[in-house]
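Visitor: I am new to protein structures. Could you show me how to read one, step by step?

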Amino acid sequence: MHERDRVPDFSAIDQAGNAVTLTGLLANGPLVLFFYPKAMTPG
């Protein structure tokens, strides 16, 4: 991955049920995204 590679903006629901966007989260500084397979599925 190169520094110029970008993730498209997206929205999701956080653990408190609030809608958040990637752009909104990045406004607070650098961000690390971690994805994992759904519980109880092979991955």
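Visitor: Let me start with one residue: is Leu26 buried, partly exposed or exposed?

Guide: Happy to help, and please keep in mind that this is a predicted model. The idea is to look at relative accessible area: under 20% is buried, over 50% is exposed, and partly exposed lies in between. Leu26 has 43% relative accessibility, so Leu26 counts as partly exposed.

Visitor: Where is Leu26 found?

Guide: Leu26 sits in helix α1, and Leu25 lies in that helix too, which covers residues 22–26. Leu25 has a relative accessible area of 33%, so Leu25 is partly exposed.

Visitor: What pattern does the protein follow along the sequence?

Guide: Reading along the sequence gives β-β-α. In total there are one helix and two strands.

Visitor: How far apart are the C-alpha atoms of Leu26 and Asp9?

Guide: Here you compare chain position with position in space. Leu26 and Asp9 are 17 residues apart along the chain, and their C-alpha atoms are separated by 10 Å.

Visitor: Which residues form a nonpolar patch on the surface?

Guide: Val7, Phe10, Leu25, Leu26, Leu31, Leu33 and Phe35 form the patch, and together they have about 620 Å² of accessible area.

Visitor: And how much of the protein is made up of buried residues?

Guide: Of the 43 residues, 2% are buried. The accessible surface of the protein comes to about 4,400 Å², with 60% of that belonging to carbon and sulfur atoms. For the overall dimensions, the C-alpha atoms fill a box of roughly 35 × 30 × 15 Å along the principal axes.

Notes. Residues are numbered from 1 along each chain as its sequence is written. This is a predicted model: local features need pLDDT of at least 70, side-chain atom pairs count only at pLDDT 80 or more; totals for chains, interfaces and linings use all residues. Side-chain values use heavy atoms; hydrogens and water are left out. Patches are made of residues with over 30% relative accessible area and no salt bridge: like charges are joined within 9 Å, nonpolar side chains (Val, Leu, Ile, Met, Phe, Trp, Tyr) within 5 Å. Accessible areas come from the Shrake-Rupley method with a 1.4 Å probe; for residues, only the protein chains shown count as cover. A salt bridge is a side-chain nitrogen of Lys or Arg within 4 Å of a carboxyl oxygen of Asp or Glu. Helices (H or I, at least four residues) and strands (E, at least two) are DSSP runs, numbered from the N terminus. Buried means under 20% relative accessible area, exposed over 50%, partly exposed in between (1.4 Å probe, protein chains only).
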